[in-house]
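Hi,

As promised, here is the structure to look through. My notes come straight after it, so you can read them with the model open beside you.

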Amino acid sequence: MSPSSSSTLTPFAALGGFFLSTAENVGGMGGMLGRIVTRLVRLNFDASELLRNLYKMGVKSLPIVVVTALFTGGIMVIQAAPIVQRYGAQGLLGWGAGFGTLREIGPLLTALMISGRVGANNTAELGTMVVTEQIDALRALAIDPINFLIVPRFIGIVTTLFLSTVFADVLALGGAAYAGYGILGVEPAVFYNGLTSGLLGLGDVFHGLIKSVVFGVVIALASCQFGIATSGGAPGVGRAVNATVVVSAAGIFVLDYLVSFAIG
Amino acid sequence: MTTEQHASSSVGNIDEDAYVKAPTGLAALGAGALEFVVAGRMLYSVFVKTLYYTVRGVRRPGAIAQQMYEIGNRSMVFLFVVMGFIGMILVYQAGIQTKRVVPDLSLLGATFLELLVRDLAASIGALMLATRVGAGIAAEIGSMVVTEQVDALRMCAADPVDYLLKPRFIASIVMTTVLITLAAGVAFGTGMWTGYAFFDINPRTFVNMSMVDAGDLTVGLTKCIAYGAAIPVVSGYCGLTTFGGSEGVGWATTRAVVNSSLSVIILNFFISGAGFLVFGG
């Protein structure tokens, strides 16, 4: 993410630069998390800003969440179709689609879409405010930018992602049931039985939902940190947004592995 | 209503500025549909122009090579890290789930390889490239639009689609295919390690190509090419339609990421469906 880099630097310098910039980003995100938590504990943030962000992030993201979830459900069934046909295991289609969707694909794809829609947008907004010196204006008016801008966005993103994941789980399973009926001729009732026959429990649902909260924290921290650290006019905003989506995506996958492993 | 006005006044959100007279109810639906149709037609014309210039345009191999480096080499580490983790996650989750039903995990590797070749490598890899490459293309072209460099190109009688988008289009198709093929190898390797470490599956058992057939390969490669073509066209379109300063660049980048990710998911649905109908089980 460091500017220039690559072409002129030797491999070792590039490697060192990579680690330094990674450390700087992770440190910045950690520091920001600390400052956010102190405000959260004291309930010291702007409530109307929170409502506005919840509307802008949550409600306005609904269309892409719906489209993504329906298609994802369909894709899950198409991918499982050859296996179902090979073994004639129609009763297990619900289990297969349900386990894949609830534990992995639902939270993961929703997080990626929200990271693109909300996280990138958030960085762009904060970056623009930095570049046009609106943040400095806030400071000059003795308004803490963390209270006023960052904490509402943080809560907004985490809440949005959690609720979107709940929506996406339901819609993806609906999409999967219909795709199963359309492509394989598996009755929705059979699909539902496969889903609830005991192989899947509430634990699997919570597994996905816990992940969605973790992903939300990563997206929120990355987007706020890169937004606030923007420099260098319009191209700088573009670079910040680019860095946000890349770091969010990498963070999502790395944490996905760690969380899957930690909570089994 | 008040919240939206507040939004546009305090932050100057472009999306809402464009519709200050916020249409309600049926009008909002109609406005959305109209916008969708117009965007679709413009996207289509950008795509056709790109194809035309790919055949007839000015040949500049240097620009293509540079874009290949930007899109390919510089995404490699990111893509390999992500796909490596994906391989571990998928084998871990699949192993746990399969053990609930059948104790025999000897076919896990074969099934994993089939899924990887047919879908997961291409689709998840392309989603990652859509964020990395799509955001990069939109930010770069968007900045050029905002700083009037694209207008300067037009003044010099160089079509921005030919000059900017075509090299990225060709480079993206080639490099997406290459990157995804390599990334699939990485994912399979980490998956094999996970199978060995957590489920005691011998790597010799895990590496089992019996389930991969010509149909799987065809579908997988079709996806690579389709995604490789879709990402630069969608994000280039988003970049070229940028307006309104640094904020506009941010918005263009956001739209590029969202739209190219959506196009990957939707293309995946249709190509997978077609592949299933053509090649069967």
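Below are my notes on the two chains, their interface and a few residues worth a look.

A word first on what you have in hand: this is a predicted model, and the local features I mention need a pLDDT of at least 70.

**The two chains**

Let me start with chain A. Its secondary structure comes to 9 helices and 0 strands, so the pattern read along the sequence is simply α-α-α-α-α-α-α-α-α. Taken along the principal axes, the C-alpha atoms of chain A fill a box of roughly 65 × 50 × 30 Å. Chain A has 264 residues, and 54% of them count as buried. If you take the contacts in chain A between residues at least 6 apart in sequence, 87% join residues at least 24 apart.Chain B has 11 helices and 0 strands. From its N terminus on, the elements of chain B run α-α-α-α-α-α-α-α-α-α-α. The C-alpha trace of chain B spans about 60 × 50 × 35 Å along its principal axes. Of the 281 residues in chain B, 51% are buried. Among the contacts in chain B with a separation of 6 or more, residues 24 or more positions apart account for 85%.

**Where the chains meet**

How many residues does each chain bring to the contact? Chain A gives 62 residues and chain B gives 63 residues. The size of an interface is often given as the accessible area lost when the parts come together. Here the area buried between chain A and chain B is about 5,300 Å², and carbon and sulfur atoms give 72% of that area. The rule finds 0 salt bridges across the interface of chain A and chain B. It does find 7 residue pairs in polar contact there, with both residues of each pair at pLDDT 80 or more.

On the side of chain A that touches chain B, at least two residues each come from α2 (47-57), α3 (62-87), α4 (93-131), α6 (145-184), α8 (202-228) and α9 (233-263). Which of these helices gives the most? That is α9(A), with 17 residues. By residue type, the side of chain A that touches chain B divides into 34 nonpolar, 16 polar and 12 charged residues.

One residue to click on around here is B:Glu114, in helix α6 (residues 108-146) of chain B. Is B:Glu114 buried or exposed? Its relative accessible area is 3%, which is under the 20% cut-off, so B:Glu114 counts as buried. Apart from neighbours within four places in sequence, B:Glu114 is in contact with A:Arg86 from the other chain, and with B:Met211, B:Val212 and B:Asp216.

**Helix α1 of chain A**

Helix α1 of chain A covers residues 11-41 and has 31 residues. At 1.5 Å a residue, α1(A) should span 45 Å, and its end C-alpha atoms are indeed 45 Å apart, so the expected span and the model agree. The buried residues of α1(A) are A:Ser21, A:Asn25, A:Gly28, A:Met29, A:Met32, A:Ile36 and A:Arg39. What covers them includes α6 and α8 of chain A. After α1(A) comes A:Leu43, which has a positive phi, near 50°.

**A few loop residues**

Two further residues other than glycine have a positive phi, and you may like to check both. The phi of A:Ala142 is near 65°. A:Ala142 sits in the loop between α5 (134-140) and α6 of chain A. With 72% relative accessibility, over the 50% cut-off, A:Ala142 counts as exposed.

In chain B, the phi of B:Asp200 is near 55°. B:Asp200 has its place in the loop between α8 (160-199) and α9 (203-206) of chain B. B:Asp200 is exposed too, with a relative accessible area of 68%.

Finally, have a look at A:Glu187, in the loop between α6 and α7 (188-196) of chain A. Its relative accessibility is 43%, which lies between the 20% and 50% cut-offs, so A:Glu187 counts as partly exposed. How far is A:Glu187 from A:Ile228, which is 41 residues away along the chain? Their C-alpha atoms are separated by 52 Å.

Enjoy exploring the model, and write back with any questions.

Best wishes

Terms used: Residues are numbered from 1 along each chain as its sequence is written. Chains are lettered from A and ligands numbered from 1 in the order in which they are written. This is a predicted model: local features need pLDDT of at least 70, side-chain atom pairs count only at pLDDT 80 or more; totals for chains, interfaces and linings use all residues. Side-chain values use heavy atoms; hydrogens and water are left out. Contact means heavy atoms within 4.5 Å. Buried area is the accessible area (1.4 Å probe) that two parts lose on being put together, summed over both. A salt bridge is a side-chain nitrogen of Lys or Arg within 4 Å of a carboxyl oxygen of Asp or Glu. A polar contact is a pair of N or O atoms within 3.5 Å; within protein, one must be able to donate a hydrogen and the other to accept it, and residues adjacent in sequence count only if both atoms are side-chain atoms. Helices (H or I, at least four residues) and strands (E, at least two) are DSSP runs, numbered from the N terminus. Ala, Val, Leu, Ile, Met, Phe, Trp, Tyr, Cys and Pro count as nonpolar, Asp, Glu, Lys and Arg as charged, and the others, Gly among them, as polar. Buried means under 20% relative accessible area, exposed over 50%, partly exposed in between (1.4 Å probe, protein chains only). The expected span of a helix is 1.5 Å times one less than its number of residues.
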